[in-house]
Every structure is written in structure tokens, then in C-alpha cells.
Amino acid sequence: MQFNSSMPWWSYLLMGAGLLAFIALVAQSIWRHRGVHRSLFASPYTLWMIVFTVLPVVLIAYYAFTDSAGGFTLDNFRAFWDSNHLMREQLRSAAGDEVAATVVRGSVNIDTLVYSLWMAFLCTAICLLLGYPAALFMADRQMKLGATIVVLFIIPMWMNFLLRTIAWMSLLEDTGLINQLLEAMGLGKRQLLYNQGAVLLGMIYNFLPFMVFPIYTSLSKLDPRLSEAAADLGCNSWRTLYKVIMPLSIPGVISGITMVFMPSVTTFFIPRVLGGGHTQMFGDLIEAKFLTEGNWNVGSALSLVMMLLILISLSILRKADPNGEGGGIA
Amino acid sequence: MTKVLKRIYLGLILIFLYMPIAVLIVQSFNAGKSRAKWEGVSLHWYIDLFNNTAIMNALWVTLSVALLATIVSTVIGTLAAIGIHSMRKRPQAMMMTLTNLPNTMPDIVTGISLMLLFIFTQVDRGYVTMLLAHITFDTPYVILSVLPKLKQMNKHTYEAALDLGATPRYALLHVLIPECKQGIVTGALLAFTLSLDDFTVSYFTTSPLVQNLSTLIYSATKLGITPIYYALSALMFVVLLLLLLAVNRRTQEN
Amino acid sequence: MKKLIAALLLIALLLPAAALADGVVNVYNWFDYIDESVLEQFEEETGIHVNYMNFTTNEDMLVMVEANPGAIDVVFPSEYCVQRLLNKGLLMELDFSRIPNFSQIAANLLDPSYDPGNAHSVPYMWGTLGILYNKELVDEADVSTWGVLWNEKYKGQVLMMDSIRDGMGLALKYLGYSMNSTDYTQLRAATDLLIQQKTSGMVKSYGLDEFKDKMVAGEAALAVVYSGDAQYAIDLDEEGRLAYAIPEEGSNIWVDCAVIPAAARNVDNAYAFIDFLCRPDVARKNVEEIWYCSVNTGAIELLGEEYASLYVLNPSEDIRARLEYYNDLDATWLTVYNTLWQEVKQAN
């Protein structure tokens, strides 16, 4: 079965309608049955998730623990620890033990991982520093900003993320707008693009709204009488913020940290465009393993390591917010 | 005084958020091809845009996938939320773990794992696989938006309806669904937005023969992007802005 | 009744794909690598609809061709990828009676090492790898060697290719080795050289074809590019600052070919499309659009003096003698090249 773009657009709609009708049919037959328990309503979803989420993860695990011939191996994880491992093994047969012995341990994967974690940490911290006051002021009832300000924060997210990043490139270029301004002010040109700062800027730009929304949601749910009460009891506004508001906004902060940290660890594309390919992040590495090198086994092992790391950091974060009440964007 | 400072701070953040977008829109009117040189105002990138079949095809793919994925995931997700809500504690916890799983998976892993699935089952990647992938990452968000509304609802309303002689179907359509309508709408909007903006998952789950806007732009970036894409994003921006204003107006009138 | 509806829906799901499979040719070519009016002309003349899709690197293309068998009818790999596809048994052997215009292909590109007798591939464009430089910023004498990319004078002014074979290849050439080296010591030396270049701050950015625009905008002094992109940039640069050179150590010659995957579904249409591209008037249009070196003798004749006068596209016999094709590497050496290149990309 092959679908390609030679089909006119209406055939897409037709297929979609077919798919939808099929699901509706299933759904309908569920609730036609009078005695059926409502928990069965979740069965199409359960089935869907098993096929499209659980099974794929199992496949990643399968590839991570097998070699190209399909036999069980731990080599892919050894290759994660020692990025030269596979090359050394290959050289042993192609060029002899002597040559293979000159190959030292490669730290490409570990270094990239550490670098990605560090960049993600920086990005999350800066987003928190910038985003918390923003959320606080947005939720401030005295400012009378209402829903408009929230909408203003959402709109930029509707621009394609690739294009937003490219727009930064044209701002930061040697001949770009910022440098032209600097020159006009007599400050001279500066190399703004193709360094770590530019990558970080691109990440913060793309992820900042994900920090602001959850914090805003949890702050705007707070009862304004709480801070009034604190003021009545003699707290100044700083003390109220520190002792009353901040502790109560922790769930939002946790949720924001999660939503920024996770995508930033696996960022790809941004380092290539704004960083000039000087550094790569773990996402770039995984992509290269699958698409450039076609080595699915090592690529799967890297993905698995990535997932594990995120699960661990999430469970640590969840400890700080046991009820999981942090509001998402919704 | 502090109020002014607060406003200035928010203003600066907004400038930060909008500056690149303003640049894109201005560049879309640049007569020349290079980003570096301003060669006068022109609309020819907009004309080129509508004559570019690759972009127009990709636009169709993007919009139709987003729409279909939203519809399907809203139906499946709402049903699932109702189902999960009525489950006992243990299976409910299991389902919630399953629902949270995609949220804790980085996009790139989601995309790659689905790619492996399609290759493993020898399904040609293309429009349908991209649609399936979008439904997969949209549905949990619908569930997460609908569930809180169900939790807020009085547990006994549904049973009361049954006691009063309503069939389960009637109770579902006239009691449960209306109660969580707001959650369903939020979930659908969220699904649509996510689907529209997705690059990573689409990139791994489609073939080069079926491109959506994101994957098309991605291949274009490797070669130096022309202002035709700026024109495209400026147009999309304006359309979405108008849409949003219309929705906002309506909700205010209500 | 319900079953009937379900069956009908299923048919509706499958039908459009089957019904529209005729009269189509799925073409997978490099980005910006054809005169688009040629596609329209082909559709008008033959009534065959062209699905035209693009890729940006050989590696992307290989993955897609392998992962989507049958989805593509004509694809344009570079010579070493022709060899790889061939070794994997993914190419169809060509029936030359169905490509009468094959006779137009220049003799010195025929019967190449990557595909003996051209049994599976029809050359489409060819070119060289070299250095595009800004004459105002770079001393012309310096670009006679790849060493200019390590020359401290141009620190932070170099645009390097983010491509495994080209990146490793030029470092190997600079050291006096073959671009197809399978000697670990040589490869190690090339890698160290590239790492040193990166850590000493020579490189401004790693990228691909966007270089042509950056050079025109004056963003850098030197860029490693393919000859076609160099010609494009030189034409675009109104002030005439840009020039192209192939260093004396030698470089790479590449040929992008049209091939038909063994799993292609629209073989007749694929032949028609390839033959159409070999027609001198069509080949001429494509050259005039992208300004890569033409493989087509008829087209070169039609192009006349304008084409013959371009030094970028017509390297002298002396230089041509020092150019080599990339050989396809086996799995072992592919791993070695990939691993070493990752090391370069990670170095800081």
C-alpha cells in the first residue's frame, strides 16, 4: 500500500473520513451495548497506545540489545560509553590487532550527553529566571491584563519553529540587523552567530513560553485574599512573595521545569543553524546515528539511555510535587 | 511606579518574543533574495508562493493532517478519558502511566520509535503514517485536558440520570459530554496546535514524497532559505491572528 | 448492513492510491537541481505526471531509497552512492534501447569505475570540489593548496562542508593521500588535522549549500563548495569579488547520475523521463538553470561560447588528471570514517 502526493487533496479527506467513520463505528458498537461498562470506552485508546507507543518502545529496546545480524549483544551500550568501540572492532579484522590497539577510548557520546545536559540546565535556569517574574506580573490582578497577555504569549508559538530559529539567524549574522545597528551606533561589528551563546538564545526563545504558562496557571489560581491576609499580618510585599506566593507556585514551577528541560536536552536543528555545527547536542547525535550512519542499533541504545535519563530526572522532580498538580498549558 | 516597571519588563519579554517574527514579516516584502540586502518593497514572494506547487501541496498536507488528527484524537481521547475515569484505582493508575509515557518521551525518540515500527511492519511511510503518528502524540493531550473536567463533575450526576431511566447512551450524550465540553475544546485546540507545529515526529514518519510544511522548510534550510518561506509564515501568522481574534470576540460576547 | 458499510469504507481507504498509480513518475532529485519548466514540458509532451521530490545529502537519499522501496522511480545519486546502491542490489539494469539519447553523453564520463559499462546509471551533471574565495580578502597564491584552510591569516573566515566524505577527503588530499584512503594511520592524521583546524578557531561554520549565499553576502572569506555552487555564487556577486580554485594537491570529481531503483513501480515512465533529460535541448535548459558541468555533448554544442568560457566548469586537462572519484567504502571503513568525523564534530 503506497500513498503519495500525486493524489489530489480530496482523496486525503476521503481516506480520513473513512478512518474516522471506522473509529466511530467501533465507538458506536461499544455504547450500543447497554450493559457495557464505561471503562471499555478506553479500549480503542488502549489498543492504539499498545500499537503506536508501547510496541515502538519495545522495538527500540530490541534494536538496542541486538547487533546488525539480530543476535543479543551489549556492544551498543559499550559503544555509548566508548564511541570508538565499533571502529576498533572493525579495524581488528580489517587492519590487524596492532592498528586496533592504537585506538583509544572515544568520549564523543558521553561528552555530547554531558554538554546537552549542561546546555539544558542553563536554558531551564534562564527560562525560570526570566519566566517567573513574567508569570508573576501577568497574574497580578492589579495590572488588569486579563486574557490578552496570555494570548500574546501564545501567538509566537504558532509560527513554525524552524522559521523562528532562522529569523534569529538573520538577526545575528555579521551583516544582520543587530550588527548593522551596532555599527550605526559606532560600536563595531561583533561575531554573534555560531557560538554557544547563539544556541542558548535560540533554545530560550523557543522554550520560554513553556516555562511561563504553567507558572502563570498556578499563580492565577491562588486566592488573592492570601496575600491580603499576609499583608494584614505585617508581611511586606517581598516577604509575602517569598513566604506565601512562591511556595504555593511550586507545582507550576516543577511543571515548567519539566516542559523546558525535556525538549532542551534533545534539541536538534538549533545547534546546526545558530551554532554553525560547531557543537552538537544529543538529539543531533541520535539523528546522525539513524539517518546519516544508518546504525539503528547504536542509535537505539542512545535513545534508550536518553529516555532512562529523562525518566530518572522526572521522578526526582515528581518527588518535589507529589500530587502532580502543576498545570500544563491547558 | 512598580506597576510601570512591571509593564516595562513584560514589554521587553514581548519584544524578545516578537522581534524575529517582525523580521520575518519585513523580509517577506524584500524584493531581493538575500537576507543581507534590502532591495525595495515587493509582493513577488507572495505571488511565487501561490504558484509554488511544492509549498501548496505541503500546506494541504499540514492542514489536513492537523485537522484529521485533531478529530480522531478528540474522539478517541474523550472516550478514553470517560473510560479511564470510571476505572478502578489500579487499572486507572496503569492507564495514566501509559498516557504520561509519550509526554516523557522526547520528540526525537517518539519519531524514531514510530519510524522503526513502520519499517519493521513494512508499511511505506507517507501521509497515512504521518497521520497515525500525529494522532498518537495528540491523544494523550486530549485525555489530560478532559480528565480534570470529569473529576470536577459530581460523581452522582451520571448515576442519577441512569436511576431516572436514562439509557447509558442518553446519559453519555446529555450528561457526561456536556459536562466536559470545555475540556474537549481545549484538548482539540491543543492537539491542532501541536500537530501544526510538529517537525520532529513528522520528519521521521513520512517519506520524502509526502512533505508537510515543517519537513519542507527543513530541507530548504540546508540550502539557504528564500523569502518565499517568510511570505508563507507571514500569511499564516496573519490568518491565525485573525482566527484567534474572532474566537476571542465570540467568547467575550458569550 | 454494518459489515457492508465497513467494507465499503475500507475500499474507500485503499482506492485512491491504486487508481492514481498510472501515468506518474516519482522523481527524487537534489534540491534546486533542475529547470522546473522542464518538468512541465515533460508533462505536456508525454501526459505523464511528475512527482518531483528533493533531498539535500546523499546519505539522506540512501536512507530514503532503502526505507521506501517502490516509492521512487528515478533517483539521482552521486557516483559512490551508485556503487553502494548497486552493491546492495537496489538498482535496475538499464535497457539502452529505451534511452536513445544516451549517445549524447560525453565519452570521458562513460564506463566509469563506479558502474562498469554504465549498466545501471546515466550521468546527469558532473563537477569538482574546490574553494570559493573572496579576492578582496584572500591572496590568490594561497588558494593553490588546501592548506589555505589552515592558514592563520584567515582565522574564523572559513566555511567548511558538513559532509563526511568531502571533509575527510580534503584533509587526506592536503596530506598527500588518496581521498579514498583505507589506511587508519592516514585517516587518523587527517582527523587530527581537522580537529586542530576546528579547535584553533579557523572555521566559522559547518554547513552545506547555504554557503553560496553567505559568500555573496560577504560573511566569510573562504568556503569549500562544489563547482556548480561556485559558478552560481560568482554569477550572483555583482561586484566580481568571488573566484573558484581547485588546489594543486588535487580534489574530487563527482558525477550525479540518474538511476532506476530495482523496486520502481513506473519503469516505462522512468525510462521516458531519463531519455527526456538526455535530449540536448532539455539538457541545455537544465545547465542554463543550475550552471553545473554538462555531461551532454549536444547541449554543450548548443550552449556554445558562453559555456566554454567558464573556467569553473571547464577545468584544464592538467587539473582533471589530479581529480579522483570517491569509491564506495565497505561497512568497516564506513564505520571508521563516520566515527572519526563524529570526533571532529564533537571536538572543542
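**Notebook: chains A, B and C**

I began with the contact between two chains: chain B gives 81 residues to it and chain A gives 81 residues. On the side of chain B that touches chain A, I found 55 nonpolar residues, 19 polar and seven charged. I note here that the model is a predicted one.

**Entry on chain B**

I looked up the make-up of chain B and found 12 helices and zero strands. Read along the sequence, the pattern of chain B is therefore α throughout, α-α-α-α-α-α-α-α-α-α-α-α. I then checked the overall extent of chain B. Its C-alpha atoms fill a box of roughly 75 × 65 × 30 Å along the principal axes. The radius of gyration of chain B is 23 Å, whereas a compact globule of 254 residues would have one near 18 Å. I recorded that 49% of the 254 residues in chain B are buried. Of the contacts in chain B with a separation of 6 or more, 80% are between residues 24 or more positions apart.

**Entry on chain A**

I looked up the domain assignment of chain A, which gives domain 1 as 74-106 and domain 2 as 108-283. The centres of these two domains of chain A, taken over C-alpha atoms, are 41 Å apart.

Next I picked out Pro263(A), which lies in helix α13 (residues 250-265) of chain A. Is Pro263(A) buried or exposed? Pro263(A) counts as buried because it has 20 C-beta neighbours inside 10 Å, and the cut-off for a buried residue is 20 or more. Leaving aside neighbours within four places in sequence, I found Pro263(A) in contact with Phe207(A), Pro106(B) and Asp107(B). I also compared Pro263(A) with Ile245(A): they are 18 residues apart in sequence, and their C-alpha atoms are 28 Å apart in space.

I went on to helix α15 (residues 282-292) of chain A. In α15(A), 11 of the 11 residues are buried, so the helix is largely enclosed by the rest of the structure. Among the buried residues of α15(A) are Phe282(A), Asp284(A), Glu287(A), Lys289(A) and Thr292(A). What do the buried residues of α15(A) pack against? In chain A I listed α6 (108-139), α13, α14 (270-274) and α16 (296-320). From the other chains I listed α5 (107-120) of chain B and α3 (58-67) of chain C. Just after α15(A), Gly294(A) takes a positive phi of about 65°.

**Entry on chain C**

I found an open sheet of three strands in chain C, in the order β2-β1-β3 and with parallel pairing. Its edge strands are β2 (49-55) and β3 (74-75) of chain C, each pairing on one side only. Strand β1 (residues 24-30) of chain C is joined to β3(C) by two bridges, and Tyr28(C) has Val75(C) as its bridge partner in β3(C). Helix α9 (residues 267-278) of chain C packs on this sheet, where it touches β1 and β3 of chain C. The direction of α9(C) makes about 50° with that of β1(C).

I then turned to strand β4 (residues 122-134) of chain C, which is mostly covered, with 13 of its 13 residues buried. I listed the antiparallel partners of β4(C) as follows.

- Strand β9 (residues 251-258) of chain C is joined to β4(C) by six bridges, and Thr128(C) stands opposite Ile253(C).
- Strand β7 (residues 222-226) of chain C pairs with β4(C) over five bridges, and Gly130(C) stands opposite Val225(C).
- Strand β8 (residues 242-245) of chain C is joined to β4(C) by four bridges, and Ile131(C) stands opposite Ala245(C).
- Strand β10 (residues 293-294) of chain C pairs with β4(C) over two bridges, and Trp126(C) has Cys293(C) as its bridge partner.

Conventions
Residues numbered from 1 in each chain as written. Chains lettered and ligands numbered in written order. Predicted model: local features only at pLDDT ≥ 70, side-chain atom pairs only at ≥ 80, totals over all residues. Pairing = 2+ DSSP bridges. Contact = placed C-beta atoms within 7 Å. Axes fitted to C-alpha atoms, helices over the stretch in contact; angles between N-to-C directions. Nonpolar A, V, L, I, M, F, W, Y, C, P; charged D, E, K, R; others polar. Buried ≥ 20, exposed ≤ 12 C-beta atoms within 10 Å, placed from the backbone. Domains from an automatic or database assignment. Rg over C-alpha atoms; globule rule 2.2 N^0.38 Å.
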